[in-house]
Amino acid sequence: MAAAALAAAHSAPVVSTFGPLRNRVMPHLSGRGRPDHVALTFDDGPDPVSTPLFLRLLDQRGVRATFFLLGSEAHRSPGLVREIASAGHETGIHGWLHRPLLLRGPRATYDDFARARDTVATITGSPPTLFRPPYGVMSTAAHVAARRLGLTPVLWTCWGEDWTARASPESVHRTVISDLNGGGTVLLHDSDCTSAPGAWRSALGALPRILDTCEQRGYAVGRLCDHGWRGSAEGQDVHPAGIGASTR
């Protein structure tokens, strides 16, 4: 009975995985911001093959975004992490390894978060304050570890389902805009390290169309720290920017 109760308590936050419910009753966890703005976020990088292409496109469009980095990938590509930060993008962590948090105990969860946070902090010179769990699934241990480490969890309001082999630029754009509204947070992937090989190409191909749609609807696009969202990354060198705003 005690073991069952502990397991239930550990997994209780999994209810937040259900997007429609989360968006309605947990707006802060969903990354809900001001109504004239959309936060653009990327998971699973950095990847030396694909991430530079996203950075180039974002620079061409004058847009900054938030990148949730895997600590293990950041460790492999520290120069790319510095490039992300120096371009004015916001960095958060996606854990050290992309593994389900429900399968980890409190100590392993804390160690994973701390290793990722400290790695990114060492590379960029600024400790990240944002965290996104792998698969968007939180646990009680994850909430406790994040609080101890000064990390704020944030998920998303819409995504592109861009991790599958069947995804295309058209399907990603269509899926994102079906749930896109002002104040929303968009999830895309700039790496295929946990996705179908080459899946990032569908996100890259859809990104200009997503930005065009936001512009047509009158939404600025930028980082979570620009989003009017109280979990923004304090302590980072950030300045408001988005579509139609200078990034220099």
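Which backbone oxygen lies 3.1 Å from a polar atom of the side chain of Arg-32? In this predicted model, the backbone oxygen belongs to Gly-182. The side chain of Arg-32 also makes a polar contact with the side chain of Asn-181, at 2.6 Å. Arg-32 itself is found in the loop that runs between helix H3 (27–30) and strand S1 (37–43). With a relative accessibility of 27%, Arg-32 counts as partly exposed, because the partly exposed class starts where the buried one, under 20%, ends. Another part of the chain can be placed relative to this loop residue: the C-alpha atom of Leu-224 is 9.4 Å from that of Arg-32, although 192 residues separate the two along the chain.

It helps to set this site against the chain as a whole. The chain has 248 residues, and 56% of them count as buried. Its secondary structure consists of ten helices and eight strands. Among the contacts with a separation of 6 or more, 77% are made by residues that stand 24 or more positions apart. The accessible surface of the chain comes to about 10,700 Å², and carbon and sulfur atoms contribute 56% of that area.

Strand S1, which follows the loop of Arg-32, leads on to the aromatic side chains. The count of aromatic pairs comes to six. One of them joins Phe-42 and Phe-67 in a stacked arrangement, with 5.0 Å from centre to centre and 25° between the planes. The angle falls in the stacked class because planes under 30 degrees apart are counted that way. Phe-42 lies in strand S1 and Phe-67 in strand S2 (residues 66–69), so the pair ties together parts that are 25 residues apart in sequence. Both partners fall under the 20% limit for buried residues: the relative accessible area is 0% for Phe-42 and 1% for Phe-67. The two rings also belong to one aromatic cluster, which is formed by Phe-42, Phe-54, Phe-67 and Trp-200.

A further aromatic ring is met by a charge. The charged end of Arg-148 sits over the ring of Tyr-110, at 4.1 Å from the ring centre. The two arginines described here are thus placed in separate settings: the side chain of Arg-32 has polar partners in the side chain of Asn-181 and the backbone oxygen of Gly-182, while Arg-148 has its charged end over the ring of Tyr-110.

Notes:
Residues numbered from 1 in each chain as written. Predicted model: local features only at pLDDT ≥ 70, side-chain atom pairs only at ≥ 80, totals over all residues. Heavy atoms only, no water. Helix = DSSP H or I, 4+ residues; strand = E, 2+ residues; numbered from the N terminus. Buried < 20%, exposed > 50% of the residue type's maximum accessible area, 1.4 Å probe, protein only. Contact = heavy atoms within 4.5 Å. Areas by Shrake-Rupley, 256 points an atom, 1.4 Å probe, with all protein chains shown as cover. Polar contact = N/O pair within 3.5 Å; in protein donor to acceptor, adjacent residues only side chain to side chain. Phe/Tyr/Trp six-rings, centres within 6.5 Å; stacked < 30°, edge-to-face > 60°. Lys NZ or Arg CZ within 6 Å of the ring centre and 35° of its normal.
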